Amino acid sequence: MDVDPTRPFGKGLSQSYVKEEDKLVLESIVHGEGIHTAVINGKVLQVNQSIGQYHLVAVNDDSVVLRSETERLKLYVHKASVLKNIK
């Protein structure tokens, strides 16, 4: 993958290696009585449902946690950035 040699160090490094079509965007979170749903890339999900290779494992106030066989991701509302391998 090509990296822009004029890009300042540390600017957007984590996003520069993610293909546009592979980005997961948490669009909204809805908390109801015992039901917590998240809208990711236009798809409405509840805990234990999946999008691509990821399964939704937690819905928080402003974020969700997704897990695949190899990694764990945390998405925040309206951000395309991802924190990988959270503990």
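Trainee: Where does asparagine 48 sit?
Mentor: Keep in mind that we're looking at a predicted model. Asparagine 48 isn't in a strand run here; look past β3 and before β4, which covers 50-51. Its place is the loop between β3 and β4.

Trainee: Is asparagine 48 buried or exposed?
Mentor: Its relative accessibility comes out at 63%. The cut-off for exposed is over 50%, so asparagine 48 counts as exposed.

Trainee: And what is the phi of asparagine 48 near?
Mentor: Check the sign before anything else: the value is positive, in a residue other than glycine. For asparagine 48, phi is near 80°.

Trainee: Which residue in the turn of the β2 and β3 hairpin has a positive phi?
Mentor: The hairpin has 2 residues between its strands. The loop in question lies between β2 (36-40) and β3 (43-46). Phi there is near 50° in a residue other than glycine, and that residue is asparagine 41.

Trainee: How does asparagine 41 count in terms of accessibility?
Mentor: Buried would need a value under 20%, and exposed a value over 50%. Asparagine 41 has 37% relative accessibility, so it counts as partly exposed.

Trainee: How many bridges pair β2 and β3?
Mentor: Take a couple of opposite residues to get your bearings. Isoleucine 40 stands opposite lysine 43 in β3, and alanine 38 has leucine 45 as its bridge partner. The pairing is antiparallel, and the number of bridges is 4.

Trainee: Which are the edge strands of the open sheet with the order β1-β2-β3?
Mentor: That sheet has 3 strands with antiparallel pairing. An edge strand here pairs on one side only. Neighbouring strands are turned by 20° against each other on average, direction ignored. The edges are β1 (26-31) and β3.

Trainee: Which strand gives the largest share of the largest nonpolar core?
Mentor: The core has 14 residues, and among those touching the most other members are Leu24, Ile40 and Leu56. β1, β2, β5, β6 (63-67) and β7 (72-76) each supply at least two of its residues. The largest share is 3 residues, and it comes from β5.

Trainee: What does isoleucine 40 touch, leaving out residues up to four places away in sequence?
Mentor: Isoleucine 40 is one of the core residues that touch the most other members. Several names from that same group turn up in its contacts, including Leu24, Leu26, Val64, Leu66 and Leu75. The full list for isoleucine 40 is Leu24, Val25, Leu26, Leu45, Ile51, Val64, Leu66 and Leu75.

Trainee: Is serine 63 buried or exposed?
Mentor: Serine 63 is found in strand β6. Its contacts include Leu26, Ile29 and Leu75. With 2% relative accessibility against a cut-off of under 20%, serine 63 counts as buried.

Trainee: Which side chain does tyrosine 54 join through a polar contact of 2.5 Å?
Mentor: Start with the setting: tyrosine 54 is in strand β5 (residues 54-59). Its relative accessible area is 10%, so it is buried. Beyond four places in sequence it touches residues including Leu24, Gln49, Arg67 and Leu73. The polar contact of 2.5 Å is with the side chain of glutamate 71.

Trainee: How far apart in space are tyrosine 54 and leucine 66?
Mentor: Leucine 66 is among the residues tyrosine 54 touches. In sequence the two are 12 residues apart. In space, C-alpha to C-alpha, the separation is 5.7 Å.

Note on methods. Residues are numbered from 1 along each chain as its sequence is written. This is a predicted model: local features need pLDDT of at least 70, side-chain atom pairs count only at pLDDT 80 or more; totals for chains, interfaces and linings use all residues. Side-chain values use heavy atoms; hydrogens and water are left out. Buried means under 20% relative accessible area, exposed over 50%, partly exposed in between (1.4 Å probe, protein chains only). Contact means heavy atoms within 4.5 Å. A polar contact is a pair of N or O atoms within 3.5 Å; within protein, one must be able to donate a hydrogen and the other to accept it, and residues adjacent in sequence count only if both atoms are side-chain atoms. Two strands pair if DSSP finds at least two bridges between them. Axes are lines fitted to C-alpha atoms, for helices over the stretch in contact, and angles run from 0 to 180 degrees between N-to-C directions. A nonpolar core is a set of buried Ala, Val, Leu, Ile, Met, Phe, Trp, Tyr and Cys residues joined through side-chain atoms within 4.5 Å.
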